[in-house]
Amino acid sequence: MRKLILSMAVSLDGLVARPGRYGAGGWGLPPEDPALKKRKLDWMSDIGLHLMGRNTFEEMAGFWPTSDDAYAAPMNNIPKVVFSKTLERAEWPDSRIAHGDLAEEIAALKRETGKDMLAWGGAAFAQSLSRLRLVDEYRLILQPVALGEGYPLFKDLTTQNFTPGWHRGSLHQGARHHEAHRLTEPFTAVALQFRDCNGRLAVPELRKQVARPPALPRQR
């Protein structure tokens, strides 16, 4: 069964979009670090299907078909599914619409053969995926900016999510990439510090804390 991977940028105050159309555009960040861009392109080489909500789909459909950016080829060539109750036509080539129950639609896609699926958002779509525990792996890009207001990745959770799991992080010129998988090692917390070259708090530095399960008593 193939995995559903969610990839999104996250601000320092835990938000994935600002109020307004298409997440209110950019966050005033510098150009993307080349090493991070290469990593994200490598991710897409292992992806067989893009998933997104209607707003993200319409934004991307209006941009990628005419772009010459390195992301354009995998975004245009890999099949796409847009989840919407109201969208009637998906004119971006190699796209189709999923109108049904989200959990049922995702379960059916996971049962299909092929490479893993990559979900892009927007915020409401990502919140639904997380709330329904449909995400198998989170790939989050922690950006060095606080938005002040907007939409969080996790909202209205009815049960504890994200654990047990495994965490890995790497730094790319201020933006910190994190991956979290549903695996067997019990993961409890990530502590982030931000220090610049003079020791002032500025650049993300990650420490993983793992809670080991208590040892079982020996049977006599």
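Which residues of the largest nonpolar core touch the most other members? In this predicted model, they are Leu 4, Leu 6, Leu 51, Phe 83, Ile 106, Leu 129 and Leu 153, out of the 25 residues that make up that core. The chain has 220 residues, of which 39% are buried, and its secondary structure comprises five helices and 12 strands. The points below take up the cores, the pairing of strands E1 and E7, helix H5 and the salt bridges in turn.

**The chain as a whole**

- Among contacts in the chain with a separation of 6 or more, 67% come from residues that are 24 or more positions apart.
- The chain exposes about 12,400 Å², and carbon and sulfur atoms supply 52% of that area.

**Nonpolar cores**

- As noted in the lead, Leu 4, Leu 6, Leu 51, Phe 83, Ile 106, Leu 129 and Leu 153 have the most contacts with other members of the 25-residue core, and the elements that give two or more residues to this core are the strands E1, E2 (15–17), E3 (47–53), E4 (80–83), E6 (116–119) and E7, together with the helices H4 (102–111) and H5 (123–131).
- A second core, separate from the largest one, has 16 residues, and these include Met 60, Tyr 71, Met 75 and Val 82.
- Once its neighbours within four places in sequence are left aside, Phe 83 is in contact with Leu 51, Met 52, Gly 53, Arg 54, Ala 98, Leu 102, Glu 105, Ile 106, Leu 109 and Phe 125.
- In soluble globular proteins, nonpolar side chains tend to be buried together.

**Strands E1 and E7**

- Strand E7, which spans residues 137–142, is mostly covered, since six of its six residues are buried.
- Glu 137, Arg 139 and Ile 141 point one way from E7, whereas Tyr 138, Leu 140 and Leu 142 point the other way, and the residues on both sides are buried.
- Strand E1 (residues 4–10) runs parallel to E7, and six bridges join the two strands.
- Ser 7 lies in strand E1, and its bridge partner in E7 is Arg 139.
- Ser 7 has a relative accessible area of 4%, under the 20% limit, and therefore counts as buried.
- Apart from neighbours within four places in sequence, Ser 7 is in contact with Trp 43, Leu 118, Ala 119, Trp 120 and Arg 139, so that Arg 139 appears both in this contact list and as the bridge partner of Ser 7.
- Ile 141, found in strand E7, is likewise buried, with a relative accessible area of 4%.
- The C-alpha atoms of Ile 141 and Val 16 are separated by 9.9 Å, although the two residues are 125 residues apart along the chain.

**Helix H5**

- Helix H5 is mostly covered, with seven of its nine residues buried, namely Ala 123, Phe 125, Ala 126, Gln 127, Ser 128, Leu 129 and Ser 130.
- Leu 129, one of these buried residues, is also listed among the members of the largest core that touch the most others.
- After H5 comes Arg 133, whose phi is positive, near 55°.

**Salt bridges**

- A search of the whole structure finds 10 salt bridges, and side chains of opposite charge can pair when their charged atoms come close.
- Arg 2, Arg 96 and Glu 112 are linked in a network of salt bridges.
- Within this network, the side chains of Glu 112 and Arg 2 meet at 3.1 Å, N to O, and the pair links distant parts of the chain, with Glu 112 in the loop between H4 and E6 and Arg 2 in the segment before E1, 110 residues apart.
- Arg 96 also forms a salt bridge with Glu 112, the closest N and O atoms being 3.9 Å apart, and this pair joins strand E5 (residues 95–98), where Arg 96 lies, to the loop between H4 and E6, across 16 residues.
- The members of the network differ in cover, because Arg 2 counts as buried at 8% relative accessibility, while Glu 112 at 34% and Arg 96 at 41% count as partly exposed.
- In strand E7, Glu 137 forms a salt bridge with Arg 139, with the closest N and O atoms 2.6 Å apart, and both partners are buried, Glu 137 at 1% relative accessibility and Arg 139 with a relative accessible area of 11%.

How values were computed: Residues are numbered from 1 along each chain as its sequence is written. This is a predicted model: local features need pLDDT of at least 70, side-chain atom pairs count only at pLDDT 80 or more; totals for chains, interfaces and linings use all residues. Side-chain values use heavy atoms; hydrogens and water are left out. Buried means under 20% relative accessible area, exposed over 50%, partly exposed in between (1.4 Å probe, protein chains only). Helices (H or I, at least four residues) and strands (E, at least two) are DSSP runs, numbered from the N terminus. Two strands pair if DSSP finds at least two bridges between them. Contact means heavy atoms within 4.5 Å. A nonpolar core is a set of buried Ala, Val, Leu, Ile, Met, Phe, Trp, Tyr and Cys residues joined through side-chain atoms within 4.5 Å. Accessible areas come from the Shrake-Rupley method with a 1.4 Å probe; for residues, only the protein chains shown count as cover. A salt bridge is a side-chain nitrogen of Lys or Arg within 4 Å of a carboxyl oxygen of Asp or Glu.
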